[in-house]
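Colleague: Hi! Could you walk me through this model? Maybe settle the wording before we start.

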Amino acid sequence: MSQKTVTLNDPATGKNLEFPVREGTLGPDVIDIKSLYGETGAFTYDPGFTSTASCKSSITYIDGDKGVLLYRGYPIEQLAEKSSFLEVSYLLQYGELPTKEELESYQTSITKHNMVNQALKNFFNGFHYDAHPMAMLTAVVGSLSAFYHDSIDINDPESRELCAHRIVAKMPTIAAAAFKHMIGEPFVYPKSNLSYAGNFLNMLFSRPTEPYEINPVAEKALDQLLILHADHEQNASTSTVRLAGSTGTNPFAAIAAGCAALWGPAHGGANEAVLNMLEEIGTVENVPKFIAKAKDKNDPFRLMGFGHRVYKNYDPRATIIRKTCHEVLTELGMSNDPQLELAMRLEEIALKDDYFVERKLYPNVDFYSGIIYRALGIPTEFFTVLFAIGRAPGWVAQWMEMITDPEQRIGRPRQLYVGAPQRDYVPLDQRG
Ligand code: CMC
């Protein structure tokens, strides 16, 4: 079969230029324009990268029109129902589902690395009690590179693997330390006999003064939420990890950059923003007023947890979370939760409104997750930290794929310059 190409007429020279079209396993083809600048002296312009594939990847596939999400080819619905977070983490990193032995060995490695250096805990003393936990997480994850020098040689496969395990293992420990610092309680050490989610809940909620029993409903729901957040192809934080990593910086630094990008309300910060928005709306009677605000172009207010760059259909993760949300609230005896009622009413009204229908704005992963987190006793400002723990295996897998890709080069976009043309410096006393 002959190679597909796209022909572009270069107005500067009148010449026809051919660009190869590369086909993936699924999804849109890409026009390979690597040689465009060399051949024409022109760049492409695509703010927000709406038409740009920044890399090739075999980790995650999304069909935004059909609402499909696959990790390494496996549908998210099947993984959410049948798998566990650590199995998914293995799948993302190694490309295949593990055998029983491989999973056991991976779980052992993760639990072996779940402690943090004792000195690293002192970092938290430098933060004020009301520091945002994402600020603490970002800073402390970045500081891991100051402690684990033996795993920052990006050219050594063993070192990369060790670092990948350390990140997945230590994220909950750092996150829980941030939480305990926030509420002024002593840090709780990880327990290796507990599941990943169970250990995290124990580090968050147990106290030295009283016994703590992990609620299996909370443990299962948290594990599922982590699975649903584990990867999402080239989203803003993952692209940040790849871009930072492309410079050869160490992986802890690259993942810290990812945490910073995740924090924004247009991305992972939306789960916190949804709950704040529901608080602000207050009662079902106020829903139409807030829908009107979201539609008003002179008002910066947006319906948080609604809309997605890629999904132009119901986010498949939101479908699963919505169901889990009902189950968790029922099992915890909170089925009459007024915020769930409010969220459902908001969704119902928005999905019938022309503004949202025309723009294909549906609830996304962040719309219902916060209601579950809150039911588990987690404070609103901590929600994005949970997203970060879930996303860590995805960041790590994408970073590893990038580092080992022979086509990988430093990420260095260009620009359309619209500033002043060259001009001469005017001494201060001669400026009018
Ligand atoms: N409420 C009201 N209007 C919206 C919303 C919203 N949530 N989202 C998009 N629109 C409108 C937007 O004003 C624009 O209208 P028009 O065409 O008239 O100018 C149109 O829909 C397209 O929006 P856009 O901003 O060009 O779309 P985008 O792909 O650049 O942005 C988004 C995607 C997720 C940033 C955006 O939908 C948004 O801000 N949503 C709220 C924040 C949110 O829930 N973020 C979580 C995303 S999912 C998890 C994650 O990635 O972390």
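Modeller: Happy to. Two strands pair if DSSP finds at least two bridges between them. Strands (E, at least two residues) and helices (H or I, at least four) are DSSP runs numbered from the N terminus. This is a predicted model, so local features need pLDDT of at least 70 and side-chain atom pairs count only at pLDDT 80 or more, while totals for chains, interfaces and linings use all residues. Residues are numbered from 1 along each chain as its sequence is written, and side-chain values use heavy atoms, with hydrogens and water left out.

Colleague: Great. In E6, which residue is the bridge partner of Leu70?

Modeller: Pro75. Strand E5 (residues 68-71) pairs with E6 in the antiparallel sense over two bridges.

Colleague: What's the strand order in that sheet?

Modeller: E4-E5-E6, an open sheet of three strands with antiparallel pairing. Its edge strands are E4 (60-63) and E6 (74-75), each pairing on one side only.

Colleague: And how are E1, E2 and E3 arranged?

Modeller: They form an open antiparallel sheet in the order E1-E2-E3. E1 (5-9) and E3 (30-31) are at the edges with a single partner strand each, so one side of each has no neighbour in the sheet. E1 pairs with E2 (residues 16-22) over five bridges, in the antiparallel sense; Leu8 has Leu17 in E2 as its bridge partner.

Colleague: Switching topic: how many residues surround the ligand?

Modeller: 22, counting a residue as near if one of its heavy atoms lies within 4 Å. The closest are His267, Arg302, Leu303, Gly305 and Arg309. By class, the shell has 11 nonpolar, six polar and five charged residues. Here Ala, Val, Leu, Ile, Met, Phe, Trp, Tyr, Cys and Pro count as nonpolar, Asp, Glu, Lys and Arg as charged, and the others, Gly among them, as polar.

Colleague: Which side-chain atom pair involves His267?

Modeller: An N or O atom in the His267 side chain is 2.5 Å from an oxygen atom of the ligand. On the backbone side, a polar atom of Leu303 is 2.7 Å from a ligand nitrogen atom.

Colleague: Any pocket to look at? What is the volume of the second largest one?

Modeller: About 450 Å³, taken as the space filled by probe spheres set on grid points joined across faces, edges and corners. A pocket is an open set of points on a 1 Å grid over the protein atoms alone, where a 1.4 Å probe fits, with protein on both sides within 12 Å along at least five of seven lines; lining residues have an atom within 4 Å of a point.

Colleague: Which helix gives the most to its lining?

Modeller: H13, with eight residues.

Technical notes:
Polar contact = N/O pair within 3.5 Å; in protein donor to acceptor, adjacent residues only side chain to side chain.
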